[in-house]
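Opening the notebook on a new model today. The plan is to look at pockets, cavities, strands, helices and cysteines, and to jot down what turns up.

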Amino acid sequence: LQGAIAIPGDKSISHRALMLGALAQGETIIEGLLLGEDPRSTAHCFRAMGVEISPLNTEQVIVKGRGLGNLEEPLEVLDAGNSGTTLRLMIGLLAAHPGRFFTVTGDSSLCSRPMSRVVQPLETMGAKIWGRKNNTLAPLAIQGTTLKPIHYQSPIASAQVKSCILLAGLMAEGKTTVTEPALSRDHSERMLRAFGATIDIDPETHSVTVTGNPHLQGQTVIVPGDISSAAFWLVAGAIIPDSELLVQNVGINPTRTGILEVLETMGADITLENQRLVTGEPVADIRVKSSSLKACTIAGAVIPRLIDEIPILAVAATFAHGTTIIKDAQELRVKESDRLAVIAHQLNLMGAKISELPDGLEITGPTPLTGTELDSYTDHRIAM
Ligand code: S3P
C-alpha cells in the first residue's frame, strides 16, 4: 500500500460548524465540510428551523446565522437519521427556545440509543421533554422554555453530553458548568470560543464553564480531516507489508489522538509532518510505514480519546503478537450498534481469536483473517 491520501472532513467539527453558524449573527463560511449522511441530517434539521444553508459541498458552505435563541418552530418532525451528535446537541438548543415546540426523532438505531444522559441534566435546568420509556428514548417532544444554569457532574466522559449542556447553557442566565470523569473531545469549547463565547476550562477537574447570552459572531471554519477516518488508513499502512502512506490533512486535537499513542505503543512506525494550526485545531500529515505490531492494553483515560477507533484497533490487534486487552469501553455498547458484540462476532467469523468482556475485548494474535460474509449492522465504523 503506497501513496498519499487526503482525508474527508471531521464529522464532529462539521456538525458544530453548522450548528454554531446557525446560532451566530452574520455569515459562517465552512470549508471542507464532511458530506456524509450525519452532517446532512444536521443541515436538514436546521434548515427546517429557518436557517439558510447553501447547498452542501466541500469547497464552501455558507450558513446565514439567525442569532442566539432565534430558531423557528419547525412544521416537520426533526429527523436526525443515524446521527447521535445531531440529536443530542440539538436537544440542548431546542430545550432553551421558550414558546416553541419541537419533535425530534432518528432511525431505528438512534431511537434505541439512551437519551436520558442529556434529558436528565436538561430537566435539572428546567427543560420540558417527553419521550418513550419514561423520557429515555426518541422520538422526543420538547417544549422550549427558559433554562437556569447548573453545575452538572457527568457520570460519563461524553462530548455529546458535555456539548448538549454547554449549548443549552448559552441561553441560560449566568454560568453553566459541566464536569466530566475524564476529558472528552473539546471541539465545542474551541469553536464556541472562536465564535465569541466565554469559555472557562479547569483542566485539573475536567470542567468547562460557559457564560450565558454571549454575542456569537459568524466565522470562517476550515474543517480538518477526520482522524477517525484516517485511522483505517493508519492501521492498513501499519499491517500490510511494505507499505508507506502519507495520510494528509488530519486533525490531531489531543483529545482525539489516542489512536496514534496506542499504535505507537504497539510498535507502529508513525511520524507527524507539516504540523500546523487551522482555525484553532491542530492539523498534520501523518506518515505510516508497515511494521511488526505487538499486543498492548488499552484502558482508562485514553478510552474517550479513541472511542470511535476501537473497531479498527481490534483489527490491528488481530495482527499483533500477544494478547491485547481493551477495557473501560462499555460506551461502545450504546453506539450505532453494540460495537463490542458486533466486533467480536464478525472478527471471529474471519478467524480471529477474540472474546467479549463486559466492558471491552480480549484479542490474541497474530491470526490470519479470511474473507467471509459479514454484517455491518448498518454501523459505518463496522462497515469500514
Ligand atoms: C462525538 C462524540 C462521541 C463519538 C461520536 C461523536 C461528538 O460520542 O463517539 O462519534 O461529535 O461529540 P459520545 O459523546 O457519546 O462519547
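These are my entries, grouped by topic.

**Before starting**

I'm working from a predicted model here, not an experimental one.

**Pockets**

I went to the open space before anything else. The largest pocket comes out at about 590 Å³. I count 38 residues in its lining, and A157, S158, I307, E331 and K335 are the ones nearest the centre. Which helix gives the most to this lining? That is α1, with 4 residues. I also noted that α1, α3 and α6 each supply at least two residues of the lining. Sorted by class, the lining of the largest pocket has 15 charged, 12 nonpolar and 11 polar residues.

Then I moved on to the second largest pocket, which has a volume of about 410 Å³. Its lining runs to 18 residues, with K11, L34, S229, H380 and R381 nearest the centre. Helices α2 (37-47), α8 (227-239) and α12 (380-383) each put at least two residues into it. The class split is 6 nonpolar, 6 polar and 6 charged.

**Cavities**

How many cavities of 30 Å³ or more does the structure hold? I get 2. The largest has a volume of about 50 Å³. Among the residues lining it are D10, I13, H187, R256 and E281, and P224, G225 and I227 are there too. By class I have 4 nonpolar, 4 polar and 3 charged residues around the largest cavity.

The second largest cavity holds about 40 Å³, and I list R16, M19, L20, L167, S188 and L192 as its lining. Helices α1 (11-23) and α7 (187-194) are the elements that give two or more residues to it. The largest share is from α1, with 3 residues. This lining divides into 4 nonpolar, 1 polar and 1 charged.

I followed S188 a little further. It sits in helix α7. At 7% relative accessible area, S188 is buried. I also checked S188 against H15: the pair is 173 residues apart in sequence, yet the C-alpha atoms are 9.8 Å apart in space.

**Helix α6**

Is α6 enclosed or in the open? All the way through residues 159-169, 11 of the 11 residues are buried, so I put this helix down as largely enclosed by the rest of the structure. The buried set includes polar and charged names such as Q160, K162 and S163, alongside V161, I165, L166 and L167. At the N-terminal end I found a cap: a side-chain oxygen of S158 lies 3.3 Å from the backbone nitrogen of Q160. S158 had already come up in my pocket entry as one of the residues nearest the centre of the largest pocket.

**T86**

A short look at helix α3 (residues 84-95), where T86 lies. T86 is buried, with 0% relative accessible area. Its side chain makes a polar contact with the side chain of T42, at 2.7 Å.

**Cysteines**

How many disulfides does a search of the whole structure find? I got 0. Why does C164 have no bond to C45? The sulfur of C45 is the closest cysteine sulfur to that of C164, but the two are 14 Å apart, too far for a bond. C164 itself is buried, at 0% relative accessibility. I looked at C296 as well, and that residue counts as buried at 10% relative accessible area.

**Strands**

Is β1 buried or in the open? Of its 5 residues (2-6), the number buried is 0, so I have β1 lying largely in the open. It pairs with strand β14 (residues 244-251) in the parallel sense, over 5 bridges. Within that pairing, I5 stands opposite V247.

The other thing I looked up was an open sheet of 4 strands, in the order β17-β18-β20-β19, with mixed pairing. Strands β17 (297-298) and β19 (353-357) are at the edges with a single partner strand each, so one side of each has no neighbour in the sheet. The partner of β19 is β20 (residues 360-365), running antiparallel and joined by 5 bridges. One residue pair I wrote down there is S355 with E362 as its bridge partner in β20.

How values were computed. Residues numbered from 1 in each chain as written. Predicted model: local features only at pLDDT ≥ 70, side-chain atom pairs only at ≥ 80, totals over all residues. Heavy atoms only, no water. Buried < 20%, exposed > 50% of the residue type's maximum accessible area, 1.4 Å probe, protein only. Pairing = 2+ DSSP bridges. Disulfide = S-S within 2.5 Å. 1 Å grid on protein atoms, 1.4 Å probe; cavity = no way out; pocket = protein on both sides within 12 Å on 5 of 7 lines; lining within 4 Å. Points joined across faces, edges and corners; volume = space filled by probe spheres on them. Polar contact = N/O pair within 3.5 Å; in protein donor to acceptor, adjacent residues only side chain to side chain.
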